[in-house]
Amino acid sequence: MNTTLLQHLNDPAIPSPCFILEEAKLRRNLELIDSVQRAADVTIILALKGFSMYSAFPLVREYLSGATASSLNEIKLVNEYMGVKAHTYIPAYQDASFDEVVDRSSHLTFNSWSQWERFKDRAVGRVSCGIRVNPQYSEVATDMYNPCVPGSRLGATRDQLPDQLPEGLEGIHFHTLCENDSFTLERTLNALESRFGDLLHQAKWVNFGGGHLMTREGYDTNHLVGLLTAFRQKYNVDVILEPGSAIAWQTGVLTSTVLDILDSQGIHVAILDTSFAAHMPDTLEMPYKPRIIHSYHEPVAGKPTYRLGGMTCLAGDFMGDYSFDKPLEIGDILVFDDMIHYTMVKTTTFNGVNLPSIGIWKENESFQLIKTYGYESFKDRLS
């Protein structure tokens, strides 16, 4: 985390809780991603499901030419703030909104053969159509994030597709990775080619989906470039990647403030003005334990140790124990690291808890408050 930002967190101009994007770190990621797409001669686009902070889209647009969406609302955000038509994949299209989806999209992926049969006459000639396939291979350990588990609703298996792509069906789309490396991609491509190689030769474009965490430290981008280049040349197709986490990986934080400290049957508990359930649901879904700057990730004997709890009344709205070099006090600011990708897009107002504010730590080392939330944001979700 930028040391200057860390020193300014007590500034009353920075509300709590607050998502703070560090602009320089986002640019750093985009520069790396752009270097990959240029070296491999592929197209890399933003996945809104991982990062929908549209106030940062002008910066994203300097490096990436498009974005992928999985709902009409995401499509509209792409149109309005990226200034382009969307690459669209929705697991099941709705009749009433389908024509608007087509009009606002450049590429449209169908999840199943039945969806293709139902909507093809309204799509072919208006948008570049593709089909999502399930290569029945994934190394994602958590079932919630694994699209290849038995009974998965995502993508068609090889036995469900014909030997020849029909006229108007131009693309193959797969998405089986989740924060994986290029060697996982290599093994995935082997499975994809073994099942769908004949159809790949017929396609005009292949979308590799997301999960390519190329901005993680230690990721072998040279290996990735080699894989992408070889695949593109072998099948003579346009290759598209749409990473979610990689764009905003380690680009910002979620700040919070200690509201209360109590003793619960011998366990010291600190209650925060944020919520794991409402503001950081991935920590409970994946699950994973978020890193807190200037803390010990696991309890350390002899150091002040606290179980951190959120401010909702959900009993399970708490995270494991952390140790600190000195005792916490009411009013202390805790900083959860790497909270910009996925976390921000999943927040809820459960229990009427306000959403965290959103701000940007600019490249000139100044803070820009983008948005705050209140009662209206809670009320607008209800009726």
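Are E22 and K25 buried or exposed? Select the pair: both E22 and K25 are buried, where buried means under 20% relative accessible area, exposed over 50% and partly exposed in between, with a 1.4 Å probe and protein chains only. Their side chains meet in a salt bridge at 3.5 Å, N to O, the term standing for a side-chain nitrogen of Lys or Arg within 4 Å of a carboxyl oxygen of Asp or Glu.

Before moving on, note that this is a predicted model, in which local features need pLDDT of at least 70 and side-chain atom pairs count only at pLDDT 80 or more, while totals for chains, interfaces and linings use all residues. Residues are numbered from 1 along each chain as its sequence is written, and side-chain values use heavy atoms, with hydrogens and water left out.

**The open sheet**

Next, colour the strands (DSSP runs of E, at least two residues, just as helices are runs of H or I of at least four, numbered from the N terminus). Nine strands, paired in parallel, make an open sheet in the order β2-β10-β9-β8-β7-β6-β5-β4-β3, pairing being counted if DSSP finds at least two bridges between two strands. At the edges stand β2 (43-44) and β3 (46-47), each with a single partner strand, so one side of each has no neighbour in the sheet. Within the sheet, select β8 (residues 169-173) and β9 (residues 205-207), which are joined in the parallel sense by 3 bridges; H173 has N207 in β9 as its bridge partner.

**Strand β16 and its partners**

Now select β16 (residues 357-361), where 5 of the 5 residues are buried, so the strand is largely enclosed by the rest of the structure. S357, G359 and W361 point one way from β16, whereas I358 and I360 point the other way. Add β1 (residues 18-22), which pairs with β16 in the parallel sense over 5 bridges, and find L21 opposite I360. Then add β17 (residues 367-371), which runs antiparallel to β16 and is joined to it by 4 bridges, with G359 standing opposite L369. The two strands β16 and β17 form a hairpin with 5 residues between them, and E365 in the turn has a positive phi of about 65°.

**More charged pairs**

Finally, go to helix α12 (residues 375-379), where K379 and E376 are 3 residues apart and therefore separated by about one helical turn. Their side chains form a salt bridge at 3.4 Å, N to O; K379 counts as partly exposed at 37% relative accessibility, and E376 likewise at 42%. Elsewhere, D95, D99, D103, R122 and R126 are joined into one network by salt bridges that share partners.
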